[in-house]
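Biologist: Please take a close look at one part of this model, the face that one chain turns to its partner. Then set that face in its chain.

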Amino acid sequence: MIEIAASTAVVYQRIVIDIAMYFGLFVIVSMALNFQYGNAGVPNMGCAVSASIGGYTVSALITRIIYWVGTNANIGMKPYATDYDWNYNNQFNTYLMNDYIAEHAMFGMSMFILSIALGFVMGWFMGYIISLPAIRLRATYLIITLITMADAAQILGRNVVWISGGTLGMWVPNVLSWYPGDRTIITAVATMLIGIICYFILRTMLNSPYGRLMRGVRENDLTVQSVGKDVVAIRRNVLMFASGITAVVGVLIAYYYSYVIQSNFIRATWTYWPWLMLMIGGAGNNAGTFIGCALIIAMRRVIIVYKWALESFVWYPIVIFEQQLLATLLLVVMVFRPDGLIPEKLLRIPGIDYRRLVHEETEVDWRVDRIDPSKRGGILSRIRGGGKKEEAE
Amino acid sequence: MSFIPVIWMSAIVYASMITILSIGFTLTHMTAKIPNFAHGTYAGFGVYVSFMCVRYFEMSPYYGFPAAFLFGGLMGIFLYRIVVSTLRRMGGGAIVLTISTIAIQIFMAQFQHIFAYLTRETYGLMSYGFLLKKNDFTFEFLGQSFQGIFPISLFLVIGIVISLRWMLTKTKFGIAMKASAEDPELSAVLGINIEKVQVASWFITGGMACLAGAFLPMWFMGSPGAGARLLTSCMAGSLLGGLGNIYGAIIGGFTIGVSEIIFTAQGMKLLGLWVGEYRPLIPMIATIAILLVEPSGVTGWWARWRVGGGYERLMARLGRSKEE
């Protein structure tokens, strides 16, 4: 009886850690997305590319550096130069290095910080590359290219063995193995910390003059261009910075699993779910992003953990049900709550009472030509064609 | 004796499929002004219409083609009425509508998974990866044996192109469609029912996509994700065509479809078998190259050539100058 109670406690602890970890990860991605779409109007559908670049940074660069250190420390590393050795000695080498890092905490810590920094730089650079083809063109072109590029990142990861072990995936050394307790707890705590740092960085950027410029680009890029600002450069900078932040998430997920494989970075998880979080919470403010993220993560983790209980209600695999839930929620939110749960707030400018300067409608909208909410009519009339509304007029 | 190599037959069947999809994608983009990411998923339903025809009713898959067209068309109307039209009436901009088509894609693709799953669980049929090549008819021509789908897919493309050309230039409805694609407000003032035009265009595009999907399992492997995988090629074809011109989409779709198969086959022959894994990169690279070099695709080249006087020079060289 005691054993069962203990194991239940362990299960609940695992769920809590899992939810905390995923909340930390996805809050960073959705904040970066909010930075791009909610504030600058750049519809980045390529978050999966940036996240995968973070993961590949850990597997292809950081792991090599750690192995190199291990080889020089003479702890009996097996060779890892060729593709074959890279794949088949990977587990053994990683095991050795975990022990080595457990004794050399400073080395592990410095590698952790280096991987975050390197992940950011690689993601930032990748943001430049993915923005090259279509950042000058209409938003729909940008969406098309970014969606296809997520597939390209996966195809490369699947077939080039030295990036992330190809189809087999690869283990990465746990740089936090000096922590004596549960390694997932320290990873989750580190993720939450990085999330808080990201929040403050993004908040500062949004409330700076550049943040106001970004909102100007979103609202009317022609006006911004006519006063001498380079709209394309602003959009590209925003995309690059946010891509860098998303890559940090890729780094963290690699350490959480201690394993990198291309199929971890599928489009559905890293692009569509963050978009849903953004849409539910409301684009343009970080509070909404937090709430949307918390709701979705809790719901998803509960579905995954209690799969066995749900499977008696649904007569097909629960994975399919989860995807349908994603799409249905996205559509329902877009139709019935286009502003999300929390509408957008004005920016905070130190020293200026912004509210007194802005006399017009403060409800800033992220979509064009929106109908006044009071004129919308009921649910049925909205689907049928707003007949009631027209009659009333 | 074989005067058409099998790889070319394969390329032409594939290219016909991509061409039909590209035409539909372009037509939606012209009338609704959004890229329809659910376009590949329509094709996925066509795959399972063929599957049902053969495995459930034990008929020739060709009987399923009209049913596929009708089914896809009705699905297109349904999605337009329920989602796209509602969102547009609520004032959704291009980005919101595009995201809604992605949501539709995720949602509809799951029905194929459910159908495949239930079919396998209930009847024990192979529904996750299947090929209907054996259920196709074969015929001999000049000593070479052909699969029926090879000429039929080619005829279907030509038929669709001719009938679309006839519809868009000769009928009142087609002209109304072109007008509302050019300027919706002005054509509404002139008395064209924009909503009807939209519904018709979603019917035609949905039907064509589902039809293209219906002949996928006759040559390539059908699976729940088979339709959605065609989307990248279809978008590349439409982009090469310029996203605003149906004739451009024909050229673009056929070029992308043929080059995807032929380049992969030649690459595998010249460089080694590893090239085969990178086949999905070909339409992606094409997309990026088109956007970098000429975002308006073939249409842009054509327009520039016409403006630069290339057409007149060519006609003069052929002895058919206007001045004479």
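Modeller: Here is the interface from the side of chain B, followed by the chain behind it.

This is a predicted model: local features need pLDDT of at least 70, side-chain atom pairs count only at pLDDT 80 or more, and totals for chains, interfaces and linings use all residues. Residues are numbered from 1 along each chain as its sequence is written, chains are lettered from A and ligands numbered from 1 in the order in which they are written, and side-chain values use heavy atoms, with hydrogens and water left out.

Start with the extent. In chain B, 44 residues are in contact with 52 residues of chain A (contact means heavy atoms within 4.5 Å). The two chains bury about 4,200 Å² between them, and carbon and sulfur atoms give 78% of that. Buried area is the accessible area (1.4 Å probe) that two parts lose on being put together, summed over both. On the chain B side, Arg89(B), Met90(B) and Ile99(B) lose the most area to chain A, together 16% of what that side buries.

Which elements form this side? Those of chain B that give two or more residues are helix 3 (64-89), helix 4 (94-123), helix 10 (231-241) and helix 12 (281-293). Helices (H or I, at least four residues) and strands (E, at least two) are DSSP runs, numbered from the N terminus. Helix 4 of chain B gives the largest share, 16 residues. By class, this side of chain B has 28 nonpolar, 13 polar and three charged residues. Here Ala, Val, Leu, Ile, Met, Phe, Trp, Tyr, Cys and Pro count as nonpolar, Asp, Glu, Lys and Arg as charged, and the others, Gly among them, as polar.

Next, charge pairs. Across the interface of chain B and chain A, the rule finds zero salt bridges (a side-chain nitrogen of Lys or Arg within 4 Å of a carboxyl oxygen of Asp or Glu). Over all chains, the count is ten. One salt bridge joins the side chains of Arg81(B) and Glu195(B), at 3.0 Å from N to O. This pair links distant parts of the chain: Arg81(B) sits in helix 3 of chain B and Glu195(B) in helix 8 (residues 194-214), 114 residues apart.

Last, the chain as a whole. Chain B has 14 helices and two strands. Its C-alpha trace spans about 65 × 55 × 35 Å along its principal axes.
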